[in-house]
Amino acid sequence: MMGKTKVMTLKGVDWGAELNNFSLQQISSQEMLEVGRLVLNELVVVIRGQELAPRVQVDLARSIGDVEMMPESIWHRCPSDDNGIISAVQRVTGQKDEKGNATGLFGHDEDLDWHANRASAYRDRKDIVWLYGVHGTGGTRTSWLNTYRAYQELSEAWKQELKGKKGIFGYEANRYSSFNEFKSHREPQGIPLVYTNPLTQRQGLYFPFLQLFGIEGMSDIEFQSFVEELKREVLQEKYMYHHNWQDGDVVISDQWLTIHKRYHCQMEKRLLYRITMDYKNISPYQQIDSSIPLSSS
């Protein structure tokens, strides 16, 4: 036993959680569910100093909910130690194979600007992104923006303005990334800009604005003005957590009420593992009292 884990607020902000004195290597499924509930409540959870094989990470993610499985055609799936394929783990890297082919997602060195996981996939997108620093992460940075907190602090006039509005989301290269392997698209079904979490009933802003192409009922000119004004309200330092990576870090984040951004770095040297899952096993929701320490085995 490692004793009691201390749940700390994320450095530099008054939200989110970091688990100190905590090992993910041998925890129970129930303890991992507690971590999942913490993500649901705090939106971003950081656990440093881990040493985790890909299959262990998948098992941990499955304790929280259903994990997204990549089809065989996806080149950035993670090879396992036994030369098989772990279809739940994606590689985020600029590394190339011996033929010069890409082996990971988003391998360019430039910024990967503010975005959320599969913003346009309203019904089948996964709620959570798990990122694990494998190697070459030291000196690189990713930021998370808490859009729940930003929404809570909007004026009542803004909240009334947002009420009932639905955004048209999609993907286009060079909007938030120069990555050009994804198909450009815009989903015709609008997604509410005010998201109500079905487990907590908390409301917050769904605002991956670089994946937002329009708002139902608005002209293009009205839309551009609306988004720029809302960005000025939301893109404030107090809503941002800046994570300076070290190998072995795990960052788990909610994808409805946060967006995130990676800054310029040498991606050929950097490798993250990425897993996406939902909150399926966390029902009914029980809010964690962050003053109560988690145990760790």
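Which residues lie nearest the centre of the largest pocket? In this predicted model, they are Phe-106, Asn-117, Arg-118, Phe-182 and Arg-274, which belong to a lining of 37 residues. The volume of this pocket is about 730 Å³. Its lining comprises 19 nonpolar, ten polar and eight charged residues. Several strands contribute to the lining, with at least two residues each coming from S5 (85-93), S6 (112-115), S7 (128-135), S9 (166-171), S17 and S18 (271-277).

Aromatic contacts offer a second view of the structure. Across the whole structure, the search finds ten aromatic pairs. One of these is formed by Tyr-195 and Trp-256, whose rings are stacked with 4.3 Å between centres and 5° between planes. Tyr-195 belongs to strand S12 (residues 194-196), whereas Trp-256 lies in the loop between strands S16 (250-254) and S17 (258-262), so the pair ties together parts 61 residues apart in sequence. Both partners are shielded from solvent by the usual criterion of under 20% relative accessible area: Tyr-195 is buried at 13%, and Trp-256 is buried at 6%.

Ring pairs also join Phe-106, Tyr-171, Tyr-176 and Phe-182 into a cluster. Two members of this cluster return us to the pocket, as Phe-106 and Phe-182 are among the residues nearest its centre.

Arginine side chains meet aromatic rings as well. Arg-175 lies over the face of Phe-213, at 4.0 Å from the ring centre. Similarly, the charged end of Arg-202 is placed over the ring of Tyr-148, with 4.4 Å to the centre of that ring.

Definitions and conventions. Residues numbered from 1 in each chain as written. Predicted model: local features only at pLDDT ≥ 70, side-chain atom pairs only at ≥ 80, totals over all residues. Heavy atoms only, no water. Phe/Tyr/Trp six-rings, centres within 6.5 Å; stacked < 30°, edge-to-face > 60°. Helix = DSSP H or I, 4+ residues; strand = E, 2+ residues; numbered from the N terminus. Buried < 20%, exposed > 50% of the residue type's maximum accessible area, 1.4 Å probe, protein only. Lys NZ or Arg CZ within 6 Å of the ring centre and 35° of its normal. 1 Å grid on protein atoms, 1.4 Å probe; cavity = no way out; pocket = protein on both sides within 12 Å on 5 of 7 lines; lining within 4 Å. Points joined across faces, edges and corners; volume = space filled by probe spheres on them. Nonpolar A, V, L, I, M, F, W, Y, C, P; charged D, E, K, R; others polar.
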